[in-house]
Amino acid sequence: MFRRLLPWDYGVRNLFRRPSRSALTLGGLSIVVLLVLVVVGFIRGLEASLAATGNANVMLVYAISSGSDIENSAVPGRTPALLSASVAGVRQRHGVKYVSPELYLGTRMSIADGQQEGLGLVRGVTTTAPLVRQQVQIVEGNWPGPGEVLVGRLTHSKLGFEREALAVGQSLEFDGRKWTVSGVFAAGGAAYESEVWCPLADLQTTLKRQDLSLVAVAMETLDAAADVDLFCRERIDLELKAVSEVGYYADLQKHYKPVRMLGWVVVCLVAGSGVFAGLNTMYGAVVGRIRELATLQAIGYRRRAILLTLIQEATLLSCGGALVACALGLLFINGTAIRFTMGAFMLRVDSVGIAIACTTAIVLGVVGALPPAAKAMRLPVVEAIKAI
Amino acid sequence: MALVEVIAVSKEYQSGEEIIRPLDGVNLTIGEGEFVSLMGASGSGKSTLLNLVAGIDQVTSGRIEIAGTDITQLSRGKLADWRAAHVGYIFQTHNLIPVLTAYENVELPLMLLPMSAAERRNRVGIALAAVDLTNRADHYPRQMSGGQEQRVGIARAIVANPTIVVADEPTGSLDDNTTEQILTLLQRVNRELGMTLLMVTHDTDAASRATRQLRLERSELYENGTRLAPRALRTA
């Protein structure tokens, strides 16, 4: 069968027959595939951010009256102590229980004496916070002392500042107080990466609050996590509820489902426009070669072989576009920070995104080549051979 | 011995409301090694007859047997395979593939046949030598003159050693000097390689180079002014 196919070189050289048209098509297809890559990168980044944040063994305890919005939650300040004393199975090491009392709120933050400001998320924490949120790693500087903050590596994106504005030693102002950046932390893509962490006591003093927003508790086992839920149900006087961190962020993901759906719709629309671009190019390429294709048939090449050659040409071009798009994506798109209500996340050009982009390119090539090729093949050879 | 037998062949096609019938019960026999020229007025059906013999068009009725194969019974795919092995087609406008060199154009029909790369190289070399274009093997069609292109076209038509070579006005787009070269070459192909040729032409000088000169008029074939005897359609 392979002996009856047209030489590979024939398809390749045809791409260079009209270099400007091929280059324009390559550019168009690259843009289409790049757009697909950006949208897939957006969806993947958003999903990864929310997925990376959850830990099945960590339970979040917050006020039952706050619904699913931890910012509105207020739990008594004694809750961490009660939890530690009442619930068995709380993880501990060297006598320190993995219970993290936290005060969490969204607030307006500014730098350079108010010349630049943005809406940020601040979390008052104690030194047990990194024990519970184990993805957290200080990548630069130190744990914050009084009047200091630790910023996530995406905090600047969330606030809309330059990265340098939140470098170690810089100041940040919120809730009427100036804070000095003591360090930068990473959290493996989790939503915390766009937060500002400061000492809980300092934040409570600044806000004149004694309560907490939530208590995060790391349990030894999944079964033990159920004990936290039981504690909340039994202590109805505290009006608490407990959800696993995984469950909390899975619930949040549901809110972003329409965004993800919209993203996939955009992928389909962009790919659809790419098909039309491919069709246009291939119609042009085939119409100019009607006589040549008929000559190949007269020589003895079957229509199938000629069809495959035309698909080869279109697919080579679209795969070239995919290569260009993936290279641009990896160089310029991957890691770009995007702000959203929960914080910020990075666009991810990963293996899944690249696979989707390449598949889209191949589909564009095949679907773009078929109708014009089929049209050319339908023409009787004796008529086509006289075509100008 | 008859190599080509065209038996009661009719061809009709629709042009708007009108049905055109360029061939109506045409009979023709071509022996092995003959060089047959076919003349006729425009629209007389000579190119249609040539295309039917070459297997690139379908008869409306009748039968065409070439080397014992009734090509009117072959499916489209089988007919393509048959063309690859049995027909060499010389076009008026050369019809070379512009992105392939002279060598690659000549090699193209051989890619369809079961043979080694070494055998292909050998055959292409012989075909290019036969048309005296060995030194142009690496040239693209745009780098050659019209006459050279037609010689490559002839090399492509003969390289697979086909049962029959058909030529549709092979000198129609060439100047006098080049025409002479091409006709001499076709004569050599017939005499020295023993190939059977069917050539359609408007040019009486070109037609006179053939061993048999036929004229198609109103679906009747004449040879040296005498109408060829019609034959009844045999049942297979």
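Author: Two strands pair if DSSP finds at least two bridges between them, and the strands themselves, like the helices, are DSSP runs numbered from the N terminus (helices: H or I, at least four residues; strands: E, at least two). The model is a predicted one, in which local features need pLDDT of at least 70 and side-chain atom pairs count only at pLDDT 80 or more, whereas totals for chains, interfaces and linings use all residues. Residues are numbered from 1 along each chain as its sequence is written, chains are lettered from A and ligands numbered from 1 in the order in which they are written, and side-chain values use heavy atoms, with hydrogens and water left out.

Reader: How do you know that β1 and β2 of chain B pair, and in which direction do they run?

Author: Nine bridges join strand β1 (residues 2–15) of chain B to β2(B), and the criterion asks for at least two, so the two strands count as paired. They run antiparallel, and one of the matched positions is Tyr13(B), whose bridge partner in β2(B) is Ile20(B).

Reader: What makes β2 and β5 of chain B edge strands?

Author: They belong to an open sheet of four strands in chain B, ordered β2-β1-β4-β5 with antiparallel pairing. Both β2 (18–31) and β5 (69–70) of chain B pair on one side only, and that is the sense in which they are edges.

Reader: Which strands stand at the edges of the seven-stranded sheet of chain B, and why?

Author: That sheet is also open, but its pairing is mixed, and its order is β6-β7-β8-β3-β9-β10-β11. β6 (87–90) and β11 (226–227) of chain B have a single partner strand each, so one side of each is left without a neighbour in the sheet. For β6(B), four bridges lead to strand β7 (residues 164–168) of chain B, and these two run parallel; within this pair Tyr89(B) stands opposite Val166(B).

Reader: Why is the contact of Asp70(B) with Arg63(B) called a salt bridge?

Author: The rule requires a side-chain nitrogen of Lys or Arg within 4 Å of a carboxyl oxygen of Asp or Glu. The closest N and O atoms of Asp70(B) and Arg63(B) are 3.9 Å apart, so the pair meets that cut-off. By this rule the count comes to 32 salt bridges over all chains.

Reader: Are Asp70(B) and Arg63(B) buried or exposed, and how do you know?

Author: Buried means under 20% relative accessible area, exposed means over 50%, and partly exposed lies in between (1.4 Å probe, protein chains only). Asp70(B) has 16% and therefore counts as buried, and Arg63(B), at 8%, counts as buried as well.

Reader: Which salt bridges does Arg212(B) form?

Author: The side chain of Arg212(B) meets that of Glu34(B) at 2.8 Å, N to O. This pair links distant parts of the chain, since Arg212(B) lies in strand β9 (residues 212–217) of chain B and Glu34(B) in the loop between β2 and β3 (35–40) of chain B, 178 residues apart. Arg212(B) is buried at 14%, while Glu34(B), at 22%, counts as partly exposed. Arg212(B) also forms a salt bridge with Glu223(B), again with a closest N to O separation of 2.8 Å. Glu223(B) lies in strand β10 (residues 220–223) of chain B, so this pair ties together parts that are eleven residues apart in sequence.

Reader: What makes Val196(A) a buried residue, and which residues does Val196(A) contact?

Author: Val196(A), placed in strand β10 (residues 195–199) of chain A, has a relative accessibility of 1% and therefore counts as buried. With contact meaning heavy atoms within 4.5 Å, and neighbours within four places in sequence left aside, its partners include Met109(A), Leu121(A), Val149(A) and Phe174(A).

Reader: How many salt bridges cross the interface of domain 1 and domain 2 of chain A?

Author: The rule finds zero salt bridges across that interface. The domain assignment of chain A gives domain 1 (2–51 + 256–384) and domain 2 (58–220), and eleven residues from each take part in the contact. The two domains bury about 840 Å² between them, 58% of it on carbon and sulfur atoms, where buried area is the accessible area (1.4 Å probe) that two parts lose on being put together, summed over both.

How values were computed
Domain bounds come from an automatic or database domain assignment.
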